Amino acid sequence: FHSQDVSNDKYPEIIIEGVSEYGKTVYVLQKIQGEWVRIPNIGEYQGAPSAPAFYGHDVSFFNIDGKGWQEVKTATHVKYDNARDQVWHTWYRYDKVVKAYVFIKKNIEDAIDENDPFSGLEIDHTMMKEAPYYER
């Protein structure tokens, strides 16, 4: 685990990383009123329960808009037997009202090299500014 100020409040959160069947499992914990609380995330499907962690072959934090909480991007290598492999990028932004990271965007790219699916991919992080989002 390590600490990182993903909430941009000058107090670090705890980031716990582990390995799962999905690649990485990443939990975000924030200290609220003296207790460490897990920050959940809400996926892209309406009505889906919140997940306790982020899952993917890569999980990264970015401060795209320069405000408040850092956004999270997960990248997952999806293998196909009958088509070119893909890398699915899923983006989340913290919502202060629901106190969780919420899904905002997904983009899918063909994997360039099946042995190293993340090589050669150009991710334009500025696309986050165009994602459907309303300020809370």
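From the N terminus on, the elements of the protein follow the order β-β-β-β-β-β-β-β-β-β. The model is a predicted one. It holds ten strands and zero helices. The protein has 136 residues, of which 39% count as buried. Its accessible surface comes to about 8300 Å². Carbon and sulfur atoms make up 50% of that surface. Among contacts with a separation of 6 or more, 41% join residues 24 or more positions apart.

Nonpolar side chains tend to be buried together in soluble globular proteins. In this model, the largest nonpolar core has 13 residues. The members that touch the most other members are V6, V28, F54, F61, V72 and Y101. Two or more core residues come from each of β3 (23-32), β7 (58-62) and β9. The contacts of F54 were examined beyond its neighbours within four places in sequence. On that basis, F54 is in contact with V28, V72 and Y101, among others. Its further partners include V26, V59 and Y92. Polar or charged residues are also on the list, including K24, T25, N41 and T74.

A charged residue, D85, lies in the loop between β8 (71-78) and β9 (86-95). D85 is buried, yet has no salt bridge. The nearest side chain of opposite charge is that of K79, 5.1 Å away. This pair fails the salt-bridge criterion because the cut-off is 4 Å. The side chain of D85 instead reaches a backbone atom: the nitrogen of Y80, at 3.0 Å.

Technical notes. Residues are numbered from 1 along each chain as its sequence is written. This is a predicted model: local features need pLDDT of at least 70, side-chain atom pairs count only at pLDDT 80 or more; totals for chains, interfaces and linings use all residues. Side-chain values use heavy atoms; hydrogens and water are left out. Helices (H or I, at least four residues) and strands (E, at least two) are DSSP runs, numbered from the N terminus. Buried means under 20% relative accessible area, exposed over 50%, partly exposed in between (1.4 Å probe, protein chains only). A polar contact is a pair of N or O atoms within 3.5 Å; within protein, one must be able to donate a hydrogen and the other to accept it, and residues adjacent in sequence count only if both atoms are side-chain atoms. A nonpolar core is a set of buried Ala, Val, Leu, Ile, Met, Phe, Trp, Tyr and Cys residues joined through side-chain atoms within 4.5 Å. Contact means heavy atoms within 4.5 Å. Accessible areas come from the Shrake-Rupley method with a 1.4 Å probe; for residues, only the protein chains shown count as cover.
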